[in-house]
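Trainee: I have a protein model open and would like to learn how to read it. Could you take me through some features one at a time?

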Amino acid sequence: MKIPPYLKKGDTVAIICTARKFMPEEAKPAIELLESWGLKAKLGRTIGLDSCQLGGTDTERAADLQNMMDDDDIKAIWCARGGYGTVRIIDLLDFTKFKQKPKWIMGFSDVTVLHSHLNTLNIASLHSIMPFTVPRAPEEVKETFKNALFGKKLEYIISSKTYDILGNAKGELVGGNISILYSLLGSKSSINTSGKILFIEDLDEYLYHIDRMMYNLKRNGYFEKVSGIIVGSMHDMHDNEIPFGQNEVQIITAIAKEYNIPVAFEFCAGHQKDNRTLILGSQVEFEVNEKEIKLVFKN
């Protein structure tokens, strides 16, 4: 796994749209945050474009990302917001130069498309807050993002829950938004989970959709050799008039318990204010005991 160079003061971070539109005035808090860390911000050509929901046409968004990937003066690429649209441009990109000179690509939600594709290329990336979420991100969350960007050690210790599954595991951290992971199955962007720690999270889904996605991942061998599962925020789940009969914890547990692996729920990452940065592609140590959950990044 290639770990992109960590940032140093004076480096330039690009802000672009790969999915939903994002206006220049919305970028001000993110620019101020970067500048407070001694970094420079460069807005991509897609910032301010409006193509219905999207920040420009597919061609415009792909060209903007390609330009930032190939520009040696850009040291990291920060996706402005999620929503939908990254999958529409992934096959328009040429990663030839990027594989030789990788740089950090950051974001979450729909950015899982890029995280997953980069993982198949053996390049690490950051599951992190985005410019769109900076205004409501707590200071401690911003600090985890800064620490990851500048190469400082990341280690998370949070209280465990009675419904966590206890155990220890080591491996490479992979994953992201479960709806995106599910949608990538069968494509060249689908990740290999063998021997790895799988992180999943989601927002605003029906419970039976979560069940369907979990079963499809299972049938595709996602859990057969996985070493552990970390479940982030699963907020705003919906049910039908006739209840499904299981909540998100019960749905995931029913499948995960078959594999004798540690499983942690309500981890501090995903669609919530407490969205701490994860280095996808990093080797981690993962422990779930009766008191706490530990996640320690080794590189």
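Trainee: Let's begin with backbone angles. Which residue takes a positive phi just after H1?

Mentor: That is Gly-38, with a phi of about 85 degrees. Keep in mind that this is a predicted model.

Trainee: Which residues other than glycine have a positive phi?

Mentor: Cys-52 is one of them, with phi near 60 degrees. Asp-236 is another, at about 55 degrees.

Trainee: Where do Cys-52 and Asp-236 sit?

Mentor: Cys-52 belongs to the loop between E2 and H2. Asp-236 is also found in a loop, the one between strand E9 (228-235) and helix H8 (248-256).

Trainee: Are Cys-52 and Asp-236 buried or exposed?

Mentor: The idea is to look at relative accessible area, where over 50% means exposed. Cys-52 has 68%, so it is exposed. Asp-236 has 52%, so it counts as exposed too.

Trainee: Now for H1 itself. How do I read a helix by its sides?

Mentor: Start with the general idea: an α-helix has 3.6 residues a turn, so residues three or four places apart point the same way. In H1, residues 28-36, the buried ones are Ala-30, Ile-31, Leu-33 and Leu-34. Looking down the axis of H1, you find these buried residues within an arc of 160 degrees, so they line one face of the helix.

Trainee: Which exposed residues are on the face of H1 turned away from its buried side?

Mentor: There you will find Lys-28, Glu-32 and Ser-36.

Trainee: And what do the buried residues of H1 pack against?

Mentor: Three strands and a helix: E1 (12-16), E2 (40-43), E3 (74-79) and H5 (139-149).

Trainee: Can we try a single residue in another helix? Where is Gln-66?

Mentor: Gln-66 is part of helix H2, which covers residues 58-70. Its relative accessible area is 15%, so Gln-66 is buried, as under 20% counts as buried.

Trainee: Which residues does Gln-66 touch, not counting those up to four places away in sequence?

Mentor: Gln-66 touches Leu-92, Leu-93 and Asp-94. You can also compare places along the chain with places in space: Gln-66 and Phe-95 are 29 residues apart along the chain, and their C-alpha atoms are separated by 8.3 Å.

Trainee: How does Leu-49 read by the same steps?

Mentor: Leu-49 lies in the loop between E2 and H2. With a relative accessible area of 26%, Leu-49 is partly exposed. Leaving aside neighbours within four places in sequence, its contacts are Lys-21, Met-23, Leu-54, Gly-55, Gly-56 and Glu-60. The C-alpha atoms of Leu-49 and Ala-27 are 13 Å apart, with their positions 22 residues apart along the chain.

Trainee: Let's step back to the whole protein. How many helices and strands are there?

Mentor: The protein has eight helices and 13 strands. Of its 299 residues, 56% count as buried. Among contacts with a separation of 6 or more, 79% come from residues 24 or more positions apart.

Trainee: What does the radius of gyration tell me?

Mentor: Compare it with what a compact globule of that length would have. For 299 residues that is near 19 Å, and the protein has 18 Å, so the two agree. The C-alpha atoms fill a box of roughly 50 × 40 × 35 Å along the principal axes.

Trainee: And how many charged side chains are there?

Mentor: There are 36 positive and 39 negative side chains, and the centres of the two sets lie 6 Å apart.

Note on methods: Residues are numbered from 1 along each chain as its sequence is written. This is a predicted model: local features need pLDDT of at least 70, side-chain atom pairs count only at pLDDT 80 or more; totals for chains, interfaces and linings use all residues. Side-chain values use heavy atoms; hydrogens and water are left out. Helices (H or I, at least four residues) and strands (E, at least two) are DSSP runs, numbered from the N terminus. The radius of gyration is taken over C-alpha atoms; the globule rule is 2.2 Å times the number of residues to the power 0.38. Buried means under 20% relative accessible area, exposed over 50%, partly exposed in between (1.4 Å probe, protein chains only). Contact means heavy atoms within 4.5 Å. Lys and Arg count as positive and Asp and Glu as negative; His and the chain ends are not counted. The place of a charge is taken as NZ of Lys, CZ of Arg, CG of Asp or CD of Glu. The arc is that of the directions from the helix axis to the C-beta atoms.
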